[in-house]
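Dear colleague,

I am handing over the structure we spoke about, and I would be grateful if you could keep it open beside this message while you read. My notes on what was found follow directly after it.

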Amino acid sequence: MDARRNPFAPGAGTRPPELAGRDALLERNAVALDRIRAGRAARPSVLYGLRGVGKTVLLTTMRDAAEGEGMAIVAIEAPENRSLPGILVPALRATLLRLDRMKQASDGVKRALRALAGFAKLKVKYDDLEVGLDFDVEPGLADSGDLEADLADLLVAIGEAAREKGSAVVLVIDELQYVPEEQLAALISALHRASQKQLPITMIAAGLPQLVGQMGRAKSYAERLFEFVSVGPLDDHAARDAIRLPIEREGEAVDDAALDAICEQTQGYPYFLQEWGKHSWDAAEASPITQDDVAAATRSALAELDASFFRVRFDRLTPAEKRYLRAMATLGTGPHRSGDVADALHVKVSSVAPTRNSLIAKGMLYSPAHGDTAFTVPLFDAFMRRVMPEG
């Protein structure tokens, strides 16, 4: 079939042609943000799940919907080895300047910008905080040098400015699990203070499964501030719609056996559905797409994943980390007990604990329960067996 009309375009955070099975989640979050803008209590979404389940797509969709409703967005992707102040200050400055251009009175925004200038004194502690602010400070406002106190002052000032403008400020943070727990605690505490004051400033976020535990350890009341939403593979009906509807919109068809095969190969994970959809379309000479087309697509999709989606993560690993993951892959999909992985390596648990910890820090593994270890990337066990066949 014509590759120019292929509706599937898998990519990192790329919205699929059919966002199937997520309507209820998106609507709940939209209601929560509207309530917060109106000064009412609500719990916005913190999404967590494995790689490839569509967390970034959902977060972007929520962000776009909030922006379409006139809310001010502070969009951030938290990288590894960066401080929270370092990533927040430039984004908050840009958002406040956008708020300042709105027609309503702007005294509150000016004060928030002074608070941001005071907050920037934290550069003494966080050397990745780039200071380029041309605003005077207000003595005693967000300038104590204590992150938790100063961030609370800053977000309260921003929330007051947003209320003055009849708007709301939404922090949209992807990969939140990379924010160190002490700094995450300060952020949660600051948002709690703003919530207590019924100010229209809040956060929606996404991260790997360990994020829930990180936020709970950082502040025990985090679960009362946010709705923690587990984002997993699509159910069978939604997975079929994610493939079938885009194909039908192009005036083509896919038969039931082909859909069965795609769902089996992808296990309903949204990113893999896009890969198999793309390659199945390209493999088919004519409509409808058949089970034979999917068989051919499986070979090309796996080759594509091995060269990109999986490989980019594999190449970041040390030899010891690769051996640890290969031992896990020998045991199957998981999760696995740490002791079983050590046994597969013929070593003591204590000797590989640092390797396990580094893999968790890199976002390759997580611990679903004490002593258990699981991959954060679906189907990675099969990739490890392909790329390191000798074990």
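**Leu155 and its surroundings**

Leaving aside its neighbours within four places in sequence, Leu155 is in contact with Leu187, Ala190, Leu191 and Ile201. Please bear in mind throughout that this is a predicted model. Leu155 itself belongs to helix α5, which covers residues 147-164, and with a relative accessibility of 1% Leu155 counts as buried, because the limit for that term is under 20%. One of its contacts can also be expressed as a separation: Leu155 and Ala190 are 35 residues apart in sequence, while their C-alpha atoms are 6.4 Å apart in space.

**The five-stranded sheet**

Ile201, one of the residues that Leu155 touches, brings us to β4, which spans residues 201-207. An open sheet of five strands, paired in parallel, runs in the order β2-β3-β4-β1-β5. The edges are taken by β2 (72-77) and β5 (227-230), each of which has a single partner strand, so one side of each is left without a neighbour in the sheet. On average, and with direction ignored, neighbouring strands of this sheet are turned by 15 degrees against each other.

The individual pairings can be followed across the sheet. At one edge, β2 pairs in the parallel sense with β3 (residues 169-174) over six bridges, and within this pairing Ile73 has Val170 in β3 as its bridge partner. Further along, β1 pairs with β4 over three bridges and with β5 over four bridges, in the parallel sense in both cases. Tyr48 is a convenient residue to inspect here, since its bridge partner in β4 is Gly207 and its bridge partner in β5 is Ser230.

Two helices that lie across this sheet deserve a look as well. Helix α1 (residues 23-37) lies across β1 (45-48), β3, β4 and β5, and runs at about 155 degrees to β4. Helix α7 (residues 211-218), in turn, lies across β1, β4 and β5, with an angle of about 135 degrees to β1.

**Helices α9, α10 and α11**

How do α9 and α11 cross? The axes of helix α9 (residues 236-249) and helix α11 (residues 270-283) come within 10 Å and cross at roughly 35 degrees, and the crossing is right-handed. On the α9 side the contact is formed by Ala239, Ala242, Ile243 and Ile247, which meet Leu273, Gln274, Gly277 and Trp281 in α11. The residues of this contact divide into six nonpolar, two polar and no charged.

Leu273 also appears in a second set of contacts, since Thr266, with residues up to four places away in sequence not counted, touches Phe272, Leu273 and Trp276. Thr266 lies in helix α10, residues 256-266, and counts as buried at 0% relative accessibility. The side chain of Thr266 reaches the backbone oxygen of Ile262 at 2.8 Å.

**The three-stranded sheet**

A further open sheet consists of three strands in the order β6-β8-β7, and here the pairing is antiparallel. Its edge strands are β6 (336-337) and β7 (365-366), each pairing on one side only. Between β7 and β8 (residues 372-375) there are two bridges in the antiparallel sense, and Leu365 stands opposite Phe375 in β8.

**Backbone geometry to check**

Finally, there are some backbone details that you may wish to look at before any set-up work. The peptide bond from Ser287 to Pro288 is cis, with omega near 5 degrees, and Pro288 is placed in the loop between α11 and α12 (291-307). Another cis peptide bond joins Gly334 and Pro335, with omega about 5 degrees; Pro335 lies in the loop between α14 (319-331) and β6.

Positive phi values are found at Glu175, at about 55 degrees, and at His346, at about 60 degrees, although neither residue is a glycine. Glu175 is in the loop between β3 and α6 (181-196) and counts as buried at 12% relative accessibility. His346, by contrast, is in the loop between α15 (338-345) and α16 (349-361) and counts as exposed at 72% relative accessibility.

With kind regards

Technical notes:
Residues are numbered from 1 along each chain as its sequence is written. This is a predicted model: local features need pLDDT of at least 70, side-chain atom pairs count only at pLDDT 80 or more; totals for chains, interfaces and linings use all residues. Side-chain values use heavy atoms; hydrogens and water are left out. Two strands pair if DSSP finds at least two bridges between them. Axes are lines fitted to C-alpha atoms, for helices over the stretch in contact, and angles run from 0 to 180 degrees between N-to-C directions. Contact means heavy atoms within 4.5 Å. A crossing is left-handed if the near helix is turned anticlockwise from the far one by less than a right angle, and right-handed if clockwise. Ala, Val, Leu, Ile, Met, Phe, Trp, Tyr, Cys and Pro count as nonpolar, Asp, Glu, Lys and Arg as charged, and the others, Gly among them, as polar. Buried means under 20% relative accessible area, exposed over 50%, partly exposed in between (1.4 Å probe, protein chains only). A polar contact is a pair of N or O atoms within 3.5 Å; within protein, one must be able to donate a hydrogen and the other to accept it, and residues adjacent in sequence count only if both atoms are side-chain atoms.
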